[in-house]
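Here's a quick tour of one protein chain, told through its strands and rings. Have a look at the model first, then read on.

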Amino acid sequence: MGALVDLPLDTPDGCAQQQRQYLTFRVQQDMYAVASRYVREILEYDQVTQVPMMPSLVRGVINLRGAIVPIIDLADRFGHGLSPLGARTCIVIVEILDEDETHLMGALVDAVSAVVEIEADALRQAPAFGSRVRSEFIEDMARLDERFITLLRMEQVLSVEQIAAMAGLRNESLSPSADVR
């Protein structure tokens, strides 16, 4: 797996500019963006190691310079079924802060588009209805060119706690009862 892009996280003029930079990508027919402060790198999709008894949204894990990184299929996370793998399929490696721990997670996307600057006045609150993803996953909406882009709240989308709970529920439903005598 080769890195496509290593995104610089430190900007000379500080944090304010960084918060307006977003990586845009496509999941199915929809465009999404994630704040560049979360993104560590982008990898071409190659091979992932499947993990038994995981929910379908966990496509597997990769070894990234000695770190085991779970790969989460965003289409499945959004309730749209598994993403078909294609020539432009990528894994966006993001860093998620969960309580006091930092976790590397991989987000499987159909295609990465670009890093864009979005001005604060272009941001709009997402409507309470009509979205194809759960409202807690949405940070804001932004108009870019002639399209609306959904800005994702990655700490919710890739919540380690929620995904671990799904895996636990799946394991409990597949395991024999502990009360068997």
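Leu-123 sits across from Ala-142 in β11. We're in a predicted model here, and this pair of residues belongs to the stretch where β10 and β11 run antiparallel, joined by two bridges. Zoom out a little and you find an open sheet of six strands, ordered β9-β2-β3-β12-β11-β10, with mixed pairing. Which strands sit at the edges? β9 (111-117) and β10 do, each pairing on one side only.

As a general reminder, strands of a sheet pair through backbone hydrogen bonds, in either the parallel or the antiparallel sense. Both senses turn up around β8. Strand β8 (residues 101-109) pairs in parallel with β6 (residues 67-73) over three bridges, while β7 (residues 90-98) runs antiparallel to β8 and is joined to it by nine bridges. β7 and β8 also make a hairpin with two residues between them. In that turn, Glu-99 has a positive phi of about 55°.

Here are the strand pairs lined up, each with one facing pair of residues:

| Strand pair | Sense | Bridges | Facing residues |
|---|---|---|---|
| β6 and β8 | parallel | three bridges | Ile-71 and Gly-106 |
| β7 and β8 | antiparallel | nine bridges | Ile-96 and His-103 |
| β10 and β11 | antiparallel | two bridges | Leu-123 and Ala-142 |

Now for the rings. How many aromatic pairs does a search of the whole structure find? It finds three. Take Phe-78 and Phe-137: their ring centres are 5.9 Å apart and their planes meet at 45°, so this pair counts as tilted. Phe-78 lies in the loop between α2 (74-77) and β7, and Phe-137 in the loop between β10 (123-124) and β11 (138-144), so the pair ties together parts that are 59 residues apart in sequence. Buried or exposed? Phe-78 and Phe-137 are both buried. They also belong to one aromatic cluster, along with Phe-25 and Tyr-32.

Finally, the chain as a whole. It has four helices and 12 strands, and buried residues make up 41% of its 181 residues. Among contacts with a separation of 6 or more, 59% are between residues 24 or more positions apart. On the outside, the protein chain exposes about 10,100 Å², with carbon and sulfur atoms supplying 50% of that area.

Key: Residues are numbered from 1 along each chain as its sequence is written. This is a predicted model: local features need pLDDT of at least 70, side-chain atom pairs count only at pLDDT 80 or more; totals for chains, interfaces and linings use all residues. Side-chain values use heavy atoms; hydrogens and water are left out. Two strands pair if DSSP finds at least two bridges between them. Buried means under 20% relative accessible area, exposed over 50%, partly exposed in between (1.4 Å probe, protein chains only). Contact means heavy atoms within 4.5 Å. Accessible areas come from the Shrake-Rupley method with a 1.4 Å probe; for residues, only the protein chains shown count as cover. Rings of Phe, Tyr and Trp (its six-membered ring) pair if their centres lie within 6.5 Å; planes under 30 degrees apart count as stacked, over 60 as edge-to-face and the rest as tilted.
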